[in-house]
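Me: Got a minute to walk through a model with me? I'll paste it below.

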Amino acid sequence: MKVENYLQSIEQMDSYKRLGKIQRVIGLMIESQGPEASIGDVCYIHPNGLNKKKIPAEVVGFNNEKLLLMPYDSLKDVAPGCLVEATGQPLTIKVGRGLIGKVIDSLGKPLDGSPLPKGLTSYPSEQNPPNPLDRPVIKDQISTGVKSIDTLLTVGKGQRVGIFAGSGVGKSTLLGMIARNSNADINIIALIGERGREVKEFVQNDLGPEGLERSIVVVATSDQPALMRMKGAYTATALSEYFRDAGYSVNLMMDSVTRVAMAQREIGLAAGEPPTTKGYTPSVFAILPKLLERTGLNEKGSITAFYTVLVDGDDFNEPIADTTRGILDGHFILDRKLAEQGRFPAINVLKSVSRVMPQLVSGGHLSLATRTRSLLATYEENQELIQIGAYKRGTSREIDEAISFNSRIIQFLKQGTNEQVSDGEALKQLENLGL
Ligand SMILES: Nc1ncnc2c1ncn2[C@@H]1O[C@H](COP(=O)(O)OP(=O)(O)OP(=O)(O)O)[C@@H](O)[C@H]1O
Ligand SMILES: [Mg+2]
């Protein structure tokens with residue numbers, strides 16, 4: 001950098017420090033008198049004692065003249081009267097190609113404590129969704145490398161899909177498969193609210209070295225403050241936006257949106273919002289569409305997004321599941337019954353929908369998919385009769401066909417974790433079943 005640049009920076013520098021004082025801490029919420037700051041701004045709390053690290057916090061509301069702040073970190077050594085310093089800026093993270101292959105936290109720092117690579121640029125973590133009129137129409141297929149998805153639930157570049165499932169039905173495994181095998185340029189994977197143990201398991205087993213090589217993993221585990229979990233979702237989305245605007249085809253995978261909503265619920269309740277359905281506060285339902293609408297296509301690149309949604313006891317009408325299903329362009333339902341039978345990936349094809357599939361695939365592909373679905377549906381409708389032997393062959397041609405093709409279709413839909421199949425190959429396999 002030239003000397004003039006330094007001089008210019010000094011001229012533009014704001015040499016005043018805006019400070020306030022902590023007056024009260026209740027649970028997660030800090031009340032302070034001053035400094036001058038607006039909602040979303042980052043402030044630093046100076047704990048008591050020498051050489052103590054400043055604690056970053058964010059302004060989430062105000063009460064009369066007092067600021068309400070939430071910390072990004074635990075409130076160790078904070079006492080009445082501690083100073084609060086305003087930065088006058090919302091949260092920014094460092095982004096760039098140097099982060100590829102790294103596991104980072106919600107503030108963009110490598111989790112293994114290593115220094116950030118050189119050449120990164122600052123980027124705001126919170127942005128507005130693109131103008132709806134500037135969004136191109138989704139028209140190109142993306143290959144996920146998962147046979148059942150590529151043939152029967154085709155996903156488009158820039159589509160946003162919800163993966164709805166209970167616990168232990170194969171969400172992480174499925175995301176890992178897509179990360180390793182899809183033809184996107186880069187994966188941004190947000191692990192929000194997971195147990196610490198699961199993070200390592202995911203990175204080592206599900207993603208593996210070849211998956212990590214083309215991914216950035218953002219982690220906010222369940223023990224972190226609610227604000228960090230919330231920011232994890234923003235950071236991962238911002239990273240995806242950065243790469244999309246650089247012309248990449250990005251896969252964003254967020255596991256799970258439900259935990260993001262729960263973090264926002266914690267923040268909302270602490271800030272004094274009233275609880276509504278299932279204790280979720282109104283801000284949860286305001287923030288979800290804003291977050292999920294940030295992904296998708298723009299004229300430069302694409303973010304294809306996979307958001308997992310936890311469904312307790314397979315209750316798909318739970319408020320978060322219901323809201324996200326309404327926002328996204330498709331939902332894949334992982335079925336515990338299929339997982340119990342060892343039919344992995346446990347996607348219940350009949351209950352799942354890809355809303356943009358008809359505009360992506362050829363007429364022949366679409367009619368083959370419809371035919372496969374109808375055979376599966378016919379078998380399922382008559383399953384009990386067939387299994388107790390009450391159905392006599394020859395009664396209905398449709399049911400006869402459904403019976404004879406059923407095991408072949410099921411065999412086709414099964415896919416081992418390490419089985420790599422391109423979209424073209426998968427379609428060929430389906431065609432060769434001779435349905
Ligand atoms: N394609 C597959 N082939 C074989 N087994 C699979 C497959 N997918 C998932 N499984 C099995 O299902 C188990 C649970 O999978 P996974 O950990 O991905 O579920 P999850 O929904 O992420 O669970 P949690 O809710 O605990 O995060 C795995 O340990 C694995 O044995
Ligand atoms: Mg998991």
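Reply: Sure. One thing up front: when I say two residues touch, I mean they have heavy atoms within 4.5 Å. And keep in mind that this is a predicted model.

Me: Fine. With that in mind, what does V203 touch, leaving out residues up to four places away in sequence?

Reply: V203 touches V103, G208 and L212. V203 lies in helix α4, residues 196–212.

Me: Is V203 buried or exposed?

Reply: V203 counts as buried, because its relative accessibility is 15% and the cut-off for buried is under 20%. As for V217, it is 14 residues from V203 in sequence, with 8.3 Å between the C-alpha atoms.

Me: Let's zoom out. How many helices and strands are there in the protein?

Reply: The protein has 13 helices and 19 strands. Its radius of gyration is 25 Å, close to the 22 Å that the globule rule gives for 435 residues, so it is as compact as a globular protein of that length.

Me: What box do the C-alpha atoms fill?

Reply: Roughly 85 × 50 × 40 Å, taken along the principal axes. Of the 435 residues, 51% count as buried.

Me: And what share of the contacts join residues at least 24 apart?

Reply: That's 71%, among contacts between residues at least 6 apart in sequence.

Me: What about charge?

Reply: There are 49 positive and 50 negative charges, and their mean positions are 2 Å apart. On the surface side, the protein exposes about 20400 Å², with carbon and sulfur atoms supplying 50% of that.

Me: Back to helices. Which residues of α10 are buried?

Reply: H365, L368, A369, T372, L375, L376, T378 and Y379. Their cover includes α2 (147–152), α11 (383–387), α12 (397–413) and α13.

Me: Why would buried positions in a helix come at spacings of three or four?

Reply: An α-helix has 3.6 residues a turn, so residues three or four places apart point the same way. In α10, H365, L368, T372 and L375 are among the buried ones.

Me: How far does α10 reach?

Reply: From first C-alpha to last, α10 (residues 363–381) reaches 27 Å, close to the 27 Å expected for its 19 residues at 1.5 Å a residue.

Me: And α6, what should its 14 residues span?

Reply: They should span 20 Å at 1.5 Å a residue, and the end C-alpha atoms of α6 (residues 257–270) are 20 Å apart, which agrees. Its buried residues are V257, T258, V260, A261, A263, Q264, I267 and G268.

Me: Anything odd in the backbone around there?

Reply: The peptide bond from D255 to S256 is cis, with omega near 5 degrees. S256 sits in the loop between β15 (249–255) and α6. After α6 comes G272, with a positive phi near 95 degrees.

Me: What is phi of K278?

Reply: Near 50 degrees, a positive value in a residue other than glycine. K278 is in the loop between α6 and α7 (282–292), and K278 is exposed, with a relative accessible area of 51%.

Me: What else has odd geometry?

Reply: D77 isn't a glycine but has a positive phi of about 65 degrees. D77 lies in the loop between β5 (66–71) and β6 (83–90). There's also a cis peptide bond from F344 to P345, with omega near -10 degrees.

Me: Last one: where does N181 lie?

Reply: In helix α3, residues 171–181. N181 is buried, with a relative accessible area of 13%. Not counting residues up to four places away in sequence, N181 touches S143, T144, G145, R214, E419 and Q420.

Terms used: Residues are numbered from 1 along each chain as its sequence is written. Chains are lettered from A and ligands numbered from 1 in the order in which they are written. This is a predicted model: local features need pLDDT of at least 70, side-chain atom pairs count only at pLDDT 80 or more; totals for chains, interfaces and linings use all residues. Side-chain values use heavy atoms; hydrogens and water are left out. Helices (H or I, at least four residues) and strands (E, at least two) are DSSP runs, numbered from the N terminus. The radius of gyration is taken over C-alpha atoms; the globule rule is 2.2 Å times the number of residues to the power 0.38. Buried means under 20% relative accessible area, exposed over 50%, partly exposed in between (1.4 Å probe, protein chains only). Accessible areas come from the Shrake-Rupley method with a 1.4 Å probe; for residues, only the protein chains shown count as cover. Lys and Arg count as positive and Asp and Glu as negative; His and the chain ends are not counted. The place of a charge is taken as NZ of Lys, CZ of Arg, CG of Asp or CD of Glu. The expected span of a helix is 1.5 Å times one less than its number of residues.
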